[in-house]
Amino acid sequence: MDGLRWIAILSVGALLLAACGGDGGTSPGAEGSDAAAGATDTPSQAAGDCTLDEPVKVGVVFSQTGPAAVYGSTQLNGAELAAEEQNAEGGVTYELIVEDDASDPAQGIPAFEKLINQDQVSIIMGPTLSNTAFSTDPVAQDAGVPVLGVSNTAEGITEIGDYIWRNSLTEGQVIPQTIEAAVGAFDLQKVATLYGDDDSFTVSGHDTFVAALEEQGVDVATTQTFAKGNTDFAPQLTAARDADPDALVVSALAEEAALILQQAAELGIDVPIIGGNGFNSPAIIEQAGEAAEGVVVGAAWNSASDDPATADFITAYEEAADGAPDQFAAQAYAGMNLIAMAVESACSAEPDAIRDALGGITGVETVLGEFSFTESRDADHPAVVQIVEDGSFAILE
Ligand code: 1QQ
């Protein structure tokens, strides 16, 4: 773990120097011995030796209450674990200032305002939901404080402005691969879709599913919608069942997702159910039980990866928190480590310096795999397609 963290910091240092033209012609994207040799010279010292007198204040806005708390609770564990590990290293330390957005855009805004105006944080991690991010992130953009989303997957988040980043793959980066794998595994010809039409993430996910299905030549036999807080999905599920689909494609957050799985089973729907990012919480499997078996969902973290960094992370998380990490914990853990890389390569707590340094992060090792930020401040790293087997996520492809 420590070794990987150092490799990552060294590469950022090397890349920043290369970007400044200081290493005699090695391009930022160059791999191999030249770049590696560069990494052991002065830039690595600069990145590794950074010391800041005061702890760097990192605002953290996760849903600790409300329907998205199943995601926000593991996110907080992941971020805290990474900060503790960073602080144990010394040199630069981090103070997390944690606010609860209560799964509600209206409560996210004052949380952002407090962190920016009162606490004067250097960067904000969060919020949990895209639906909240569309309300909160413009506040940070206007104030010139960078935001790192670690679970926002709706299209358009980073288009809010040039202070807005995310390490979470978008639905558009994961769903096409998921549908392709599902078509291959289950020979899908036609499906029924079901989605929440009052949430930015569930709408965006559904749009992405429809485009991916079209791309694969799969017909949508019927489209059903629901609203936040609905608990009876029998009308929509009955209409879906009557369309005789080869699969049910669902874009939903955890609370509705678990009920949909249970009620689909009760109605005798036995075709595969394919979910978007909202299905990535093990809490859904716990709640839906047997009804979650066979659910297919694309994910940004491979918990079964044989990368030692993954095993180290799982062990450290299990020691620090009560239970196993999920994708959301891994993304928050990686997010805090990416923030530390940026802070330490800039060797500054200034929001603008950190924002610029995030732009230099390319090809670094994280618990999400080899990670880069794209030109548009989105994430670039491998995705996996999972299927629920015996009560846990297994790899479908
Ligand atoms: C979003 C999501 C949710 C599932 C995050 C928890 O992907 O709101 O963008």
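**Entry 1: the second largest pocket**

I looked up which domains line the second largest pocket in this predicted model, and I noted that domain 1 (3–168 + 305–382) and domain 2 (171–299) each contribute at least three residues to the lining. For the volume of this pocket I wrote down about 330 Å³.

I then went through the lining itself, which consists of 19 residues, with Ser281, Pro282, Ala324, Pro325 and Asp326 lying nearest the centre of the pocket. Sorting the lining residues by character, I found 9 nonpolar, 8 polar and 2 charged.

Turning to secondary structure, I noted that at least two lining residues come from each of helix H4 (69–89), helix H11 (282–288) and strand E15 (392–395). The largest share belongs to H11, which supplies 4 residues of the lining.

**Entry 2: isoleucine 164**

I next turned to a single residue, isoleucine 164, and placed it in strand E5, which covers residues 164–166. Is isoleucine 164 buried or exposed? I recorded a relative accessible area of 0% for isoleucine 164, and because buried means under 20%, I entered this residue as buried.

To see what surrounds isoleucine 164, I set aside its neighbours within four places in sequence and listed the remaining contacts, which are Asp137, Gln141, Val147, Ile157, Thr158 and Arg377. I also checked the pair formed by isoleucine 164 and glycine 144, which are separated by 20 residues in sequence, while their C-alpha atoms are 9.7 Å apart in space.

Definitions and conventions. Residues numbered from 1 in each chain as written. Predicted model: local features only at pLDDT ≥ 70, side-chain atom pairs only at ≥ 80, totals over all residues. Heavy atoms only, no water. 1 Å grid on protein atoms, 1.4 Å probe; cavity = no way out; pocket = protein on both sides within 12 Å on 5 of 7 lines; lining within 4 Å. Points joined across faces, edges and corners; volume = space filled by probe spheres on them. Nonpolar A, V, L, I, M, F, W, Y, C, P; charged D, E, K, R; others polar. Domains from an automatic or database assignment. Buried < 20%, exposed > 50% of the residue type's maximum accessible area, 1.4 Å probe, protein only. Contact = heavy atoms within 4.5 Å.
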